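User: I would like a close look at one part of this model, followed by a walk along the rest of the chain. Please keep it brisk.
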Amino acid sequence: MTFQPTHRGLVRQVWMSGTPHWIPDVSRDEGFQRAQLAARAGLHGAFAFPVLAGNVTLAVLEFFSREIRNPDPSLLQMVRVIGSQIGQFMARKQAEENLLYVATHDTLTGLPNRYMFNQRFAHALNNAQRYRKTMALLFLDLDRFKFINDTLGHPFGDRLLQEAAARLRMCLRESDTIARFGGDEFVALIEDFSEPGDVISVAQKILHALRWPFMLQGETCHLTASIGISLYPNDGADFANLLKNADIATYRAKEQGKNNYLFYSGEMNDHLSARIAKETRLQGALERNEFILHYEPKVEINTGRITGMEALIRWQHPDLGLLPPVEFIGHAEDSGLIIPIGAWVLRIACAHNQTLQSRVATPLTVSVNLSARQFEDKHLLREIERALSESSLKPNCLELEITETMVMRDTQSSKKILDGIKSMGIRLAIDDFGTGYSSLASIKRFPFDCIKIDRSFIKDIPQDPDDVAITQAIIAMAHSLRLKVIAEGVETQEQLDFLGEHGCHEFQGYFFRKPQPAEDFSKLLRDNAGTLALAAAG
C-alpha cells in the first residue's frame, strides 16, 4: 500500500506510525479525508490500529461509531495486543504458503516441480482408471542447451530457461500440467483428449513456440526441442514406465535430427539397449587403441598427381568389426567424447603425413574434418598447435574441413575462430558445399582456401540437368573467389571428364581408390611415385 505525502488521513497515520489512532469526531478533524462520506453515513467516532508482524505493518483495521466517542485507553491497549496477534497469524500463514510453494514449484521457472507433478499425475491416473480414459506424457529436452549454457554463461542459461518455460506454459490448457524436472528437461501431462492427433497438435505447438528466436541480454539465441510421447495405458500403467518410455522416445527423436517429436514404440527398447552397449564400449575405445585412420587420396585432375589425402576415422570394434563414422560419431558428439577423439585424429593424421613427406616430390596435404562440438570447443587452437608441434608437420601441410552449416550457425564467432586457424598457416576447406544455406556473399567473408562439392551433386552428373547446373555454378563461384575446387564421391569416368572440362581442380572417390589404412596409402605413393594414369584407374 502507498500513500501520497499530502494525505494526513486516519489510515495513513496508523500505517506510518505503527500505532493505534483515535478520532472522537471525524467531522471536526481536518486531516480526515472522507468527512463528507462519513457525514452522509451518519458516522462520527473512528479509530484504527495496525496489524503488525514485528515492526512491519501488514494491514490497518478501521472502525467507526455513529456517536462521538472520546479515546478509551484500555481499548487502545487491547487492540495493540490484538493487532500483534493477527500479524503473527498472518506472517505464519504466509510462511506456510511460501514453504508449500517452494516445496511444489521450481524456484527458477515457477513451474510445478517433480513432487507436484507426481501428485497431479496420481490424481489424473485415478480418474483415467475409473473412467477408462487415455493420458499422454510428453518428455521434452532442449537441444544444445548445455552448449548455450557453457558458452554464454549460467545467468544467461537461467534466463533462457525462464523464457522457454513461459512459452511452454502458454502452449497448454489450464487442465494440463507442465513441470520442470531439472536442467533442461520438462514433462507435460495431457488429459481429456479424444485422439492422438490432439497430442500431436500440442507437440507441434511447443516446437513452433520454441523455434522463434529468444532475445536476451543483447543476444539472439535459437532454441529447439526434442519431444518423446508415451500414452496411458498402451505404453505403461504407471508413472515410472510412462516416463521411462517417453524418455526413450525423446532419445530417438534426438537421434533422428532433433527439433521433432516421436511416439514411443516397443522397438525403441531394443534400439536403446544396443546403443547403450555401443556407447559403453565407446567410452574406453580411445584408451584401448580401437580407433584407426583410413586415408582417401585427393588427386589433381589435370596431372593425375596425388596432392594429399583426407583422414577418415574407423572404429575397430571387437564384436562388430570395422565400423564407419556414421555408426558412432553421433554418439561421440552427444556424449562429448568427440573432443578427445577429434584431438586424437588431428595428432595421428599430422604424424602420418609427416612420415609420408619424405616419399613424395612435393608436399602432401592431409585434410581433417572438424565436428561441430570441436569447432565450438574453446581449446581447439591449442589442440591444433599441439598436433603440429608433436609431429613437426608444417602448418601448410594440414587442411581443416568445416561444414557450411557449422560456419553459418554463428558467423561472428566462426569468423574469429577461422581467422585464428588461418593465422597459423593452416589451410581451410568448406566441406559438403551446397547442402547448407550459405551464399557467395557469406562465404567470401571467411578465409577459406578450398570448396568441396558434396557427393550428392556429383553422383548423377552429367545425366541430371539440375545437378549439372548446381555443380557448374559452384565451380564458377569458386573461380570468382580464387578458391580451389574439390569434388567428392567421383565414381565414373564420365563424372571425372565433366569435372575436368568445367575447371574442377581435384577429386576424391571410389573411381580412383576407396579410403585405405596408412600402410596401404604409403604403398600406393611408393608404387605410383605420386602420379597416376587416371583413364586406367579403377
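Which residue ranges does the domain assignment of the chain give for domain 1, domain 2 and domain 3? Please take domain 1 in detail, then move on from there.

Analyst: This is a predicted model. The domain assignment gives domain 1 as residues 10-103, domain 2 as 114-264 and domain 3 as 288-529. Between the C-alpha centres of domain 1 and domain 2 there are 49 Å.

Start with the sheet formed by β1, β2 and β3. It is open, has three strands, and runs in the order β1-β2-β3. The pairing is antiparallel. β1 (21-23) and β3 (56-65) are the edge strands. Each has a single partner strand, so one side of each is left without a neighbour in the sheet. On average, neighbouring strands here are turned by 15 degrees against each other, direction ignored.

Now look at one pairing in this sheet. β2 covers residues 45-53 and runs antiparallel to β3. Nine bridges join the two strands. Pick out Pro50 as a marker: its bridge partner in β3 is Val60.

Next come the helices that lie on this sheet. Helix α1 (residues 10-17) lies across β1, β2 and β3. Its direction is at about 145 degrees to β3. Helix α3 (residues 73-104) also lies across β1, β2 and β3. For α3, the angle to β2 is about 40 degrees.

β3 and α3 come up again at the surface. Val56, Leu58, Phe89 and Met90 form a nonpolar patch there. Together these four residues have about 330 Å² of accessible area. β3 and α3 each supply at least two residues of the patch. Phe89, for one, sits in helix α3.

Follow the chain out of α3. The loop between α3 and α4 (114-131) holds Asp106. Asp106 forms a salt bridge with Arg180, and their closest N and O atoms are 3.1 Å apart. Arg180 belongs to strand β5, so to speak the far end of this link, and the two residues are 74 residues apart in the chain. The pair thus links distant parts of the chain. The structure holds 26 salt bridges.

Strand β5 leads to another sheet. This one is open too, with five strands in the order β5-β6-β4-β9-β10. Here the pairing is mixed. β5 (177-182) and β10 (261-263) are the edge strands, each pairing on one side only. Neighbouring strands of this sheet are turned by 20 degrees against each other on average, direction ignored.

β5 pairs with β6 (residues 185-190) in the antiparallel sense, over five bridges. Ala179 has Val187 in β6 as its bridge partner. A helix lies on this sheet as well. Helix α8 (residues 239-255) lies across β4 (135-143), β5, β6, β9 (224-232) and β10. It runs at about 145 degrees to β9.

Some backbone details deserve a look. Most residues other than glycine have a negative phi, and most peptide bonds are trans. Arg144 has a positive phi of about 60 degrees, although it is not a glycine. Arg144 is in the loop between β4 and α5 (145-152). Tyr232 and Pro233 are joined by a cis peptide bond, with omega about 5 degrees. Pro233 is placed in the loop between β9 and α8. A cis bond is also found from Ile461 to Pro462, where omega is near 5 degrees. That proline, Pro462, lies in the loop between α17 (455-458) and α18 (465-480).

Last, some parallel strand pairs. Strand β17 (residues 450-453) pairs with strand β18 (residues 484-487) in the parallel sense, over four bridges. Lys452 stands opposite Ile486 in β18. β18 is also joined to strand β19 (residues 506-507), by two bridges, and these strands run parallel. Ile486 appears again here, standing opposite Glu506 in β19.

Back to the part you asked about. Its picture is an open antiparallel sheet of three strands, with α1 lying across the strands and α3 doing likewise. A nonpolar surface patch draws at least two residues each from β3 and α3.

How values were computed: Residues numbered from 1 in each chain as written. Predicted model: local features only at pLDDT ≥ 70, side-chain atom pairs only at ≥ 80, totals over all residues. Heavy atoms only, no water. Pairing = 2+ DSSP bridges. Axes fitted to C-alpha atoms, helices over the stretch in contact; angles between N-to-C directions. Contact = heavy atoms within 4.5 Å. Domains from an automatic or database assignment. Patch = residues over 30% accessible without salt bridge, like charges linked within 9 Å, V, L, I, M, F, W, Y side chains within 5 Å. Areas by Shrake-Rupley, 256 points an atom, 1.4 Å probe, with all protein chains shown as cover. Salt bridge = Lys/Arg side-chain N within 4 Å of Asp/Glu carboxyl O.
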